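Colleague: I've got a structure open and would like to learn how to read it. Could you walk me through a few features?

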Amino acid sequence: MVSTSKIKSVDFYRKIPRDLTEASLSGAGLSLFAAFCMILLFGMELSDYLTVSTTTSVVVDESADGDFLRIDFNISFPALSCEFASVDVSDVLGTNRLNITKTVRKYSIDSNLVPTGSEFQSGAIANAIKHDEEVNEEHAEGAVRLTGRNFDRVSHLYPIVVVNFYAPWCYWSNRLKPSWEKAAQIVRERYDPESDGRIILGKVDCTEEVDLCRRNHIQGYPSIRIFRKGSDVRDDHGHHNHESYYGDRDTDSLVKTMEELVAPIALESQKVSSDSKSVDVTDGIKRPAPVTGGCRVEGFVRVKKVPGNVVVSARSAAHSFDASQMNMSHVIYRFSFGKMLTPKAASDVKRLIPYLGQSFDKLRGNAYITNPKESRENVTIEHYLQVVKTEVVARSYKIAEDYEYTAHSSLVHSTSIPVAKFHFEPSPLQVLITEDSKSFSHFLTNVCAIIGGVFTVAGIVDSIWHNTMRLMKKVELGKNF
């Protein structure tokens, strides 16, 4: 058995009997000050341990070659009709997708940018619309010429009025003209306006009747509209409830369509029955016309992570557009890259980096307005966007992937149809933000260092002070003797 005295010999903390120690006022004050310093330094160390610190570095983007970048957008165009609004995507690798519809929705909007109804269904427009053979021969005019003075009277006189809104300079209008006049003549002979009066074909020259065409939101030529008596309701903003025809434009197809439109109408009543609107006699070649002249385009597209463009423009395979009258003014409510963060991820990101996300939707709320009437014709609005990926990693797992961008916009005179163009350039580098983990053992070590260090320093100071005071007393006693 090891004796108790031998065990006591290894005691590092040998005790001094209390009656051999001496308490002093200076020692008490220094002890209180040392205790205060320990508490203060412990609190600072605890705060530092609980505070999240991060390290920011710039590295090469590690995205795989097949990764796609999602672009979300919500843009209102007060002067672009949903009938022709098209979202196109292209990039430097040769990708060229036109009129994306699967992930894009369109809503007609009024002058206050407020949607006027449900989603606009543009449908699929045939790439090759059939026309009559081009022949240089004279043809009689069968269509009634409509103007701003007689349009309302004629449209309310006949149960069905089918109108060709055209422009003399337009190639497609000139292709349609002979077949339209022939069809109008045939329809006039079969359904005499005086004795029958169920249908009539008309035409409007939009270069002369500018206000009439604008009132009916005509932006592409030729535009064929079907007006039904009693169902075309207008208000002060020019809203309407009629249809657009998108079918073949040869004489036979036009005549067949007109006959199918007339079929549900009783000759003796000369009124459209309430059920006639539900009969889809033309099966996809006619659809409701846009109720206003503006359009809100929203949705998303996926693009490769290379420089490219998202373009919103007026597009049609069988219509022409007057570039001088196209107005691509727009208001951006959203234009962002990447997926939206979940609430939990957003909370974690804000905890780590409060400033992150300030440039996530840089263009939000910006308006870009031009007016062709004020010598601002053929204006393309371009946005140049430089995109940088930011990855946030906490405790060895990725909690967020954010894309921020800078934006520079300009108005450019266009030699062709004006567009709204968003040119994006993803950076080959990415910002990597990692959370610095702090071990609890390191925290305990620092706390021990604080307590031991303050205690030791206070002891040294107390010893110096005590010895100095004793020496001064000895000197004073030596002077007295």
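Modeller: Sure, we'll go through sheet, charges and surface in turn. Keep in mind that this is a predicted model.

Colleague: Let's start with the sheet. What is the strand order in the open sheet of five strands?

Modeller: In general, strands of a sheet pair through backbone hydrogen bonds, either parallel or antiparallel. Here the order runs β5-β12-β2-β14-β15, and the pairing is antiparallel. β5 (104–109) and β15 (367–368) stand at the edges with a single partner strand each, so one side of each has no neighbour in the sheet.

Colleague: And how many bridges join β2 and β14?

Modeller: Six bridges, linking residues 68–77 of β2 with residues 330–337 of β14 in the antiparallel sense. One to look up is N74, whose bridge partner in β14 is R334.

Colleague: R334 is an arginine in a strand. Is R334 buried or exposed?

Modeller: R334 is buried, yet it has no salt bridge. The nearest side chain of opposite charge is D361, at 4.2 Å, while the salt-bridge cut-off is 4 Å. The R334 side chain does make a polar contact with the side chain of S336, at 3.0 Å.

Colleague: So how should I read the salt bridges themselves?

Modeller: Side chains of opposite charge can pair when their charged atoms come close. A search of the whole structure gives 15 salt bridges. One of them joins D72 and R70, with the closest N and O atoms 2.9 Å apart. D72 counts as buried because its relative accessible area is 10%, whereas R70 is partly exposed at 23%.

Colleague: Which residue does D196 form a salt bridge with?

Modeller: R198, again with the closest N and O atoms 2.9 Å apart. D196 is buried at 7% relative accessibility, and R198 is buried at 12%.

Colleague: What about a salt bridge within a helix?

Modeller: Try R214 and D211, which meet at 3.0 Å, N to O. Both lie in helix α5 (residues 210–215), three residues apart, about one turn of the helix. R214 is partly exposed at 40% and D211 is exposed at 58%. Elsewhere, salt bridges that share partners join D61, K389 and E391 into one network.

Colleague: Last one: which residues make the nonpolar surface patch of about 520 Å²?

Modeller: F33, F36, L40, L41 and M44. F33 lies in helix α2 (residues 25–50), and its 51% relative accessibility is why F33 counts as exposed, the cut-off being over 50%.

How values were computed. Residues are numbered from 1 along each chain as its sequence is written. This is a predicted model: local features need pLDDT of at least 70, side-chain atom pairs count only at pLDDT 80 or more; totals for chains, interfaces and linings use all residues. Side-chain values use heavy atoms; hydrogens and water are left out. Patches are made of residues with over 30% relative accessible area and no salt bridge: like charges are joined within 9 Å, nonpolar side chains (Val, Leu, Ile, Met, Phe, Trp, Tyr) within 5 Å. Accessible areas come from the Shrake-Rupley method with a 1.4 Å probe; for residues, only the protein chains shown count as cover. Helices (H or I, at least four residues) and strands (E, at least two) are DSSP runs, numbered from the N terminus. Buried means under 20% relative accessible area, exposed over 50%, partly exposed in between (1.4 Å probe, protein chains only). Two strands pair if DSSP finds at least two bridges between them. Lys and Arg count as positive and Asp and Glu as negative; His and the chain ends are not counted. A polar contact is a pair of N or O atoms within 3.5 Å; within protein, one must be able to donate a hydrogen and the other to accept it, and residues adjacent in sequence count only if both atoms are side-chain atoms.
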